[in-house]
Amino acid sequence: MPGIDFRAVRAVAQMQEVLELLQFTASESSDDQLRGPCPVHGSQGDHSRSFSVNLAKQTYQCFKCGSKGNQLDLWANANSLSLHAAAIDLCERLGLAVPWIGRW
Ligand SMILES: [Zn+2]
């Protein structure tokens, strides 16, 4: 299977779009920081603040389950997919071309 340019995926698939696909609703937001229930371990209750997102840096971290990374890691972890599968899935959902490496 050809490789995928994960950097290219992250350049076009924004953290905000990943959060929307995950139906994330922030319980708290200020500037580029959002907090709310964690889509990775599935926090119970809308008032959970264990999950923290930095929209400017496109990173996230959960203080409860310890999951962290960029928006592609988030999609992979929240859906129990490999990074490779997550990149393909995310591109398809957002209507983007998958940036394959060395296919041609
Ligand atoms: Zn979590």
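Visitor: What is a nonpolar core, and how many residues does the largest one have here?
Guide: A nonpolar core is a set of buried Ala, Val, Leu, Ile, Met, Phe, Trp, Tyr and Cys residues joined through C-beta atoms within 7 Å. The model you see is predicted. Val9, Val18, Leu72, Trp75, Ala86, Ala87 and Leu90 have the most contacts inside the largest core. The number of residues in that core is 22.

Visitor: Which helix gives the most to this core?
Guide: Several elements each supply at least two residues: helices H2 (15–21), H3 (71–78) and H4 (83–94), along with strands E4 (51–54) and E5 (59–62). With 5 residues, the one that gives the most is H3.

Visitor: Which residues does alanine 86 touch, leaving out those up to four places away in sequence?
Guide: Good one to look for in the structure! Alanine 86 is among the residues with the most contacts inside the core. Its partners are Leu72, Trp75, Ala76, Asn79 and Leu81.

Visitor: Why do strands E2 and E6 each have one side without a neighbour in the sheet?
Guide: The sheet is open, and its 5 strands run in the order E2-E3-E4-E5-E6 with antiparallel pairing. E2 (28–30) and E6 (68–70) stand at the edges, so each has a single partner strand.

Visitor: Which residue stands opposite serine 29?
Guide: Follow E2 and E3 (residues 33–36), which pair in the antiparallel sense over 3 bridges. Opposite serine 29, in E3, stands leucine 34.

Visitor: What angle does the direction of H3 make with that of E6?
Guide: H3 packs on the sheet, where it touches E5 and E6. Its direction and that of E6 make an angle of about 125°.

Technical notes
Residues numbered from 1 in each chain as written. Predicted model: local features only at pLDDT ≥ 70, side-chain atom pairs only at ≥ 80, totals over all residues. Buried ≥ 20, exposed ≤ 12 C-beta atoms within 10 Å, placed from the backbone. Helix = DSSP H or I, 4+ residues; strand = E, 2+ residues; numbered from the N terminus. Contact = placed C-beta atoms within 7 Å. Pairing = 2+ DSSP bridges. Axes fitted to C-alpha atoms, helices over the stretch in contact; angles between N-to-C directions.
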